[in-house]
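Biologist: Could you take me carefully through the surroundings of the ligand in this model, and then through any unusual backbone geometry that I should look at in the same chain?

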Amino acid sequence: MTTKLLNVALHVERNLIFGVSRDEKMPTPGEGELLIRTHFSGANPADIKHSTHLGIYPARLGYDFLGTVLQAPSGSAFHVGDTVAGYTPTGIDRPAKYGTHQSYLVCPETMAYSVPENLPSDHAACLTVVAMTAADALYNLFKFPLPGSSDSNTAGPLLIWGASTSVGICAVQFAKASGVFPIFVSASLERHALFQELGATQCFNYKSPSVVDDIKSVLRNYHCEGVKYSFDAVGSLNGLGSAQMVASCASPDAILVSVVVQKDPRFVMPFAVTNEDVTLKIPGVPHLITIPARKEDHERAWSALQWAVSNYGSRFRLVSVDIFKGRAEDALEELKALADNGRGFGKLALMHPLQ
Ligand SMILES: NC(=O)c1ccc[n+]([C@@H]2O[C@H](COP(=O)([O-])OP(=O)(O)OC[C@H]3O[C@@H](n4cnc5c(N)ncnc54)[C@H](OP(=O)(O)O)[C@@H]3O)[C@@H](O)[C@H]2O)c1
């Protein structure tokens with residue numbers, strides 16, 4: 001008697017209704033792609049927001065993963081049985097096989113890496129999207145030298161606003177590893193000790209009404225009028241908005257970066273997925289928008305990710321990863337809550353197969 005394989009998946013339908021499917025359909029890898037049994041998938045705000053905000057539906061949800069290779073192309077660097085992590089492509093008409101919140105998924109070989117023993121499985125499943133976004137900001141938009149490179153262009157000041165976001169935590173550690181100085185961060189007061197340990201030169205409380213004045217007064221100790229490299233790692237629209245707080249601290253020649261699209265044209269946005277063109281539907285724009293690939297930038301960010309993987313647990317880490325184990329319907333509610341209000345500090349990994 002043969003046991004049928006069940007694929008439990010979180011999806012969004014054509015009418016933008018989110019749901020769970022349980023079927024025996026295995027995704028089929030194309031040329032240069034791996035078939036993977038999922039052990040953990042990492043949750044991101046994008047899992048839901050890419051459907052509701054950027055028109056990516058119908059689709060199976062999820063981008064980040066860790067799993068075991070079930071099938072690899074001949075001549076591949078990967079073999080059946082390897083433990084791999086990575087992320088999958090995005091964009092309008094995204095094939096269902098790329099959803100990572102399902103028991104079996106497909107990933108292009110170029111978007112996966114072998115997981116070393118120093119990197120815990122649940123952490124690996126949550127790492128790629130946020131580390132690639134932080135790396136794109138630091139190494140492609142700010143053009144800081146990669147960790148370990150002999151380049152000496154490390155002059156700050158760098159400000160990371162909302163350093164407690166997972167993108168921000170990666171950015172602080174990359175900046176420290178690249179020798180950037182000084183590194184200013186804004187975060188809740190209770191996290192300042194953590195950021196001093198991770199490499200921040202000075203921490204500020206983003207909830208304080210005097211935070212911008214506090215930053216400007218410390219800048220004077222460094223004989224700076226404003227921050228040269230200003231990174232909004234939150235993308236919050238509450239109050240003045242985190243991007244405008246960042247802009248208030250910036251020097252006239254600053255490079256301004258925000259994790260989400262800003263109306264202020266001085267801002268540029270880092271992107272987790274720069275290896276292929278990505279087509280999206282932006283609210284208020286009547287036609288589809290294609291963000292062109294930046295293949296060299298992708299390589300540079302990917303090498304920063306690989307540095308983080310090799311140095312995981314010693315010079316780089318995600319500070320907190322929770323594991324969800326249980327019913328697929330409950331997992332979907334977790335994703336919705338995460339997209340609506342955020343779940344606060346830390347990452348969430350879904351354990352597969354979901355029930
Ligand atoms: N462009 C891309 O490709 C890309 C990729 C990934 C993520 N993103 C975007 O990046 C942002 C961060 O995502 P994430 O998953 O890293 O976030 P996250 O881990 O869910 O962030 C949670 C943290 O956000 C902090 N926070 C919330 N509101 C804040 C505010 N107004 N000011 C400062 N800090 C605030 C809180 O810090 P405290 O604990 O200190 O209060 C909280 O601990 C999201 O907008 C996401 O959509 C973009």
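Modeller: This is a predicted model, and I will begin with the polar contacts of the ligand. A backbone N or O atom of A272 lies 3.0 Å from an oxygen atom of the ligand, and F345 likewise offers a backbone N or O atom, in this case at 3.4 Å from a ligand oxygen. With R191 the side chain is involved, since one of its N or O atoms is 2.7 Å from an oxygen atom of the ligand. Taken on its own, the ligand has 950 Å² of accessible area, and the protein covers 82% of that.

The shell around the ligand can be described by its members and by where they come from. It holds 24 residues, of which S164, S166, S188, R191 and Y206 come nearest, so that R191 appears both in this group and among the polar contacts, through its side chain. Sorted by class, the shell consists of 14 nonpolar, eight polar and two charged residues. Two helical elements, α2 and α3 (166–177), are the ones that give two or more residues to the shell, while at the level of domains, domain 1 (7–115 + 320–351) and domain 2 (131–291) each supply at least three residues.

Turning to the backbone, most residues other than glycine have a negative phi, and most peptide bonds are trans. Against that background, two peptide bonds that lead into a proline deserve a look. Y57 and P58 are joined by a cis peptide bond with omega about -5 degrees, and P58 is placed in the loop between α1 (46–52) and β4 (59–60). The bond from F181 to P182 is also cis, with omega near -10 degrees, but P182 lies within a strand, β10 (residues 181–187).

Two residues other than glycine have a positive phi, and I would describe each with its setting. For D93, phi is near 65 degrees; D93 belongs to the loop that runs between β6 (83–87) and β7 (104–108), and D93 counts as exposed because its relative accessibility is 70%, where the cut-off is over 50%. For K143, phi is near 60 degrees, and K143 is found in the loop between α2 (121–141) and β9 (155–161). The relative accessible area of K143 is 55%, and therefore K143 is exposed as well. The helix that precedes the loop of K143 is α2, which is also one of the elements giving two or more residues to the shell around the ligand.

Key. Residues numbered from 1 in each chain as written. Predicted model: local features only at pLDDT ≥ 70, side-chain atom pairs only at ≥ 80, totals over all residues. Heavy atoms only, no water. Helix = DSSP H or I, 4+ residues; strand = E, 2+ residues; numbered from the N terminus. Buried < 20%, exposed > 50% of the residue type's maximum accessible area, 1.4 Å probe, protein only. Near = heavy atom within 4 Å. Polar contact = N/O pair within 3.5 Å; in protein donor to acceptor, adjacent residues only side chain to side chain. Areas by Shrake-Rupley, 256 points an atom, 1.4 Å probe, with all protein chains shown as cover. Nonpolar A, V, L, I, M, F, W, Y, C, P; charged D, E, K, R; others polar. Domains from an automatic or database assignment.
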